[in-house]
Amino acid sequence: MKKMNNLENLYRQVIIEHYKHPRNKGLKGFPQARLYNPSCGDDITMETKIDSGIIQEINFDGTGCSICCSSASILTELLKGKSITEAKKIIAKYYSLIKGEVIDGEEELAEAMVYQGVSKFPARIKCAALPWKALEQLLDGENNEQKS
Ligand code: ZN
């Protein structure tokens, strides 16, 4: 039990770190998707520069709770340099994690594993998912462009 508490404490520290010192915050004018979570007031815009099916850059901006803003920051670091296919797999795995489902290949989620405990707080699942849903819209848009 003590070990679990230490782990939760570590997770909290990672979340606070990213909330206070967000990575890749500030938009540069790449294609954007903005999502709003009325139940919490989170308002997040994600943007990506995708070239040859690879995510070259991801930035975000917006306001919200510590869960939402920190997960946007972690997301930008995690998916930068990944292909669209890889990114979609990681996003799907992350959704499973925050819903409390058993996942394999935890190392793929790296720092995003800190949201493991979110499944215990159903109201916060939306907060943790919001930036990822916005990014997913951008990736889907990219796929559609390539098809047409
Ligand atoms: Zn929130």
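Is C127 buried or exposed? In this predicted model, C127 has a relative accessibility of 0% and therefore counts as buried.

C127 is one of the residues that bind the zinc ion through a side-chain atom: the protein donors are C40 (SG), D42 (OD), D42 (OD), C65 (SG) and C127 (SG), and they lie 2.2 to 2.7 Å from the metal. Along the chain, the donor residues follow the spacing C-x1-D-x22-C-x61-C. C40 sits in the loop between β1 (32-37) and β2 (42-51), whereas C127 belongs to helix α4 (residues 122-147), so this pair ties together parts that are 87 residues apart in sequence. C40 has a relative accessibility of 34% and counts as partly exposed, because the partly exposed class runs between the 20% and 50% limits.

Helix α2 covers residues 66-79. Its 14 residues, at 1.5 Å a residue, should span 20 Å, and the end C-alpha atoms are 20 Å apart, which agrees. Of these 14 residues, 12 are buried, so α2 is largely enclosed by the rest of the structure. The buried set includes I67, C68, C69, I74, L75, L78 and L79, as well as S70, S71, A72, S73 and T76. Just after α2, G81 adopts a positive phi of about 90 degrees.

Helix α3 spans residues 84-98 and contains S96. The relative accessible area of S96 is 18%, and the residue counts as buried because the cut-off is under 20%. Leaving aside residues up to four places away in sequence, S96 touches E101 and I103.

Terms used:
Residues numbered from 1 in each chain as written. Predicted model: local features only at pLDDT ≥ 70, side-chain atom pairs only at ≥ 80, totals over all residues. Heavy atoms only, no water. Helix = DSSP H or I, 4+ residues; strand = E, 2+ residues; numbered from the N terminus. Buried < 20%, exposed > 50% of the residue type's maximum accessible area, 1.4 Å probe, protein only. Contact = heavy atoms within 4.5 Å. Donors = N, O, S within 2.8 Å, 3.2 Å for Na, K, Ca; no water. Expected span 1.5 Å × (residues − 1).
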